[in-house]
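Below are some remarks on the model, set out as numbered points for a colleague who will want to check each of them against the coordinates.

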Amino acid sequence: MRIRIVDAFTDRPFSGNPAGVLLLDAFPDDAWLQNVATEVNHAETAFAHPLPAGGEADWALRWFTPVAEVAMCGHATLATAHVLTSANTHEGAVRFATRSGVLIATPRPDGSLTLDFPTAPLTPVAVPEGVAEALGAEPLSAVDTGPNVGDLLVELADEKTVLGLTPDLRTLGRYSERGIIATARAADPSAGHDYVSRCFFPNLGIDEDPVTGSAHTALAPFWSERLGSPDLTGLQASPRSGHVRTELRGDRTLLSGRAVTVIDGELLA
């Protein structure tokens, strides 16, 4: 069957976040899906199949990391929508049935795609003892991001601190279900982003995720409140790096970006 590797939240190959994408007739057993995701060995591999016409969604969609299935993934959803629209397999907005409800991806005239995701509910919490040592920086504040995201989001002093993190990943995994989002206000908003972030998910076999759409459903409300604007741009400052435009719309967050297919091949197993 056909398999594609798509770099998401970027317009250039070898940047952004790579995802495997397979379009199927139906979902095989979970063990096969996990084996393929382990073999692909990117942060997520997306599996989708068409649904009968007339329902609330057009395609069923699931996401697997190299070690587990996840409840929500932004970049692999963007990658799947990119494959469907660029291959003319689907026209217009795509509705995906997922573990996080129906998620919609809409093509924009400029060639980007906009994802309609649930906004993460943020709950302020005390910074857990040991997080500063594991992260290598003292957080200013911390919030729990709720069940769909499953991260501890910590605000750091400045962009330079976020960029310079070299965390103890083995220890960091103790403090949340999925991992840690570290973020700070942009040093220079004229550089094209309003805030920066880095995401560490050792519990899912991902030391540092290149660009995390789901994390931005928490970053959007976090920074919109602090910066006084519902429409912002986040830079996820991993080595591959990528930008996510966020639009806070109450209980929904719109995530926009581009994607590019870098590998189009055949899965033989």
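1. Leaving aside its neighbours within four places in sequence, which residues is H193 in contact with? In this predicted model, H193 is in contact with E159, A186, D188, T233, G234, L235 and H243 once those neighbours are set aside. H193 belongs to the loop between β12 (179-185) and β13 (195-201), and because its relative accessible area is 6%, it counts as buried. One of the residues it touches, E159, is also its partner in a polar contact between side chains, at 3.3 Å.

2. E247 can be described along similar lines. The residue sits in strand β16 (residues 242-249) and is classed as buried because its relative accessibility is 13%, which lies under the 20% limit for that class. Its side chain makes a polar contact with the side chain of R249 at 3.1 Å. Not counting residues up to four places away in sequence, E247 touches R108, P230, D231, R252, T253, L254 and S256.

3. Strand β16 returns in the largest pocket, which holds about 230 Å³ of space. Of the 15 residues that line this pocket, F9, T10, D11, G242 and H243 are the closest to its centre. Both β16 and β17 (252-257) supply at least two residues of the lining, and β16 gives the most, with 4 residues. By residue class, the lining of the largest pocket divides into 2 nonpolar, 8 polar and 5 charged.

4. The second largest pocket has about 180 Å³ of space and is lined by E69, V70, A71, M72, R99, P147, N148, V149, G150, E177, R178 and L204. Strand β5 and helix α4 (146-149) each supply at least two of these residues, with the largest share, 3 residues, coming from α4. Here the division is 6 nonpolar, 2 polar and 4 charged.

5. As for enclosed space, a search of the whole structure finds 1 cavity of 30 Å³ or more, and the volume of the largest cavity is about 60 Å³. Its lining consists of E44, M72, C73, G74, H75, R178, F201, I206, D209, T212, G213 and S214; the elements that give two or more residues to it are α2 (74-86) and β14 (206-209). The lining residues of this cavity divide into 4 nonpolar, 5 polar and 3 charged.

6. C73, one of the residues of that cavity lining, raises the matter of disulfides, for which the count comes to 0. Why does the sulfur of C73 form no bond with the closest cysteine sulfur, in C199? The two sulfurs are 11 Å apart, which is too far for a bond, given that a disulfide requires a pair of cysteine sulfur atoms within 2.5 Å. C73 counts as buried at 3% relative accessibility, and C199 is likewise buried, with a relative accessible area of 0%.

7. Finally, helix α1 (residues 30-40) deserves a look at its ends and at its packing. At the N-terminal end the helix is capped by D29, a side-chain oxygen of which lies 3.1 Å from the backbone nitrogen of A31, while N41, just after α1, takes a positive phi of about 65 degrees. Within the helix, W32, L33, Q34, V36, A37 and V40 are buried, and the buried residues of α1 pack against β1 (2-8), β2 (17-23), β3 (44-50), β4 (59-64) and β5 (69-70).

How values were computed: Residues are numbered from 1 along each chain as its sequence is written. This is a predicted model: local features need pLDDT of at least 70, side-chain atom pairs count only at pLDDT 80 or more; totals for chains, interfaces and linings use all residues. Side-chain values use heavy atoms; hydrogens and water are left out. On a 1 Å grid over the protein atoms alone, a cavity is a set of points where a 1.4 Å probe fits but cannot get out, and a pocket is an open set with protein on both sides within 12 Å along at least five of seven lines; lining residues have an atom within 4 Å of a point. Grid points are joined across faces, edges and corners, and a volume is the space filled by probe spheres set on the points. Ala, Val, Leu, Ile, Met, Phe, Trp, Tyr, Cys and Pro count as nonpolar, Asp, Glu, Lys and Arg as charged, and the others, Gly among them, as polar. Buried means under 20% relative accessible area, exposed over 50%, partly exposed in between (1.4 Å probe, protein chains only). A polar contact is a pair of N or O atoms within 3.5 Å; within protein, one must be able to donate a hydrogen and the other to accept it, and residues adjacent in sequence count only if both atoms are side-chain atoms. Contact means heavy atoms within 4.5 Å.
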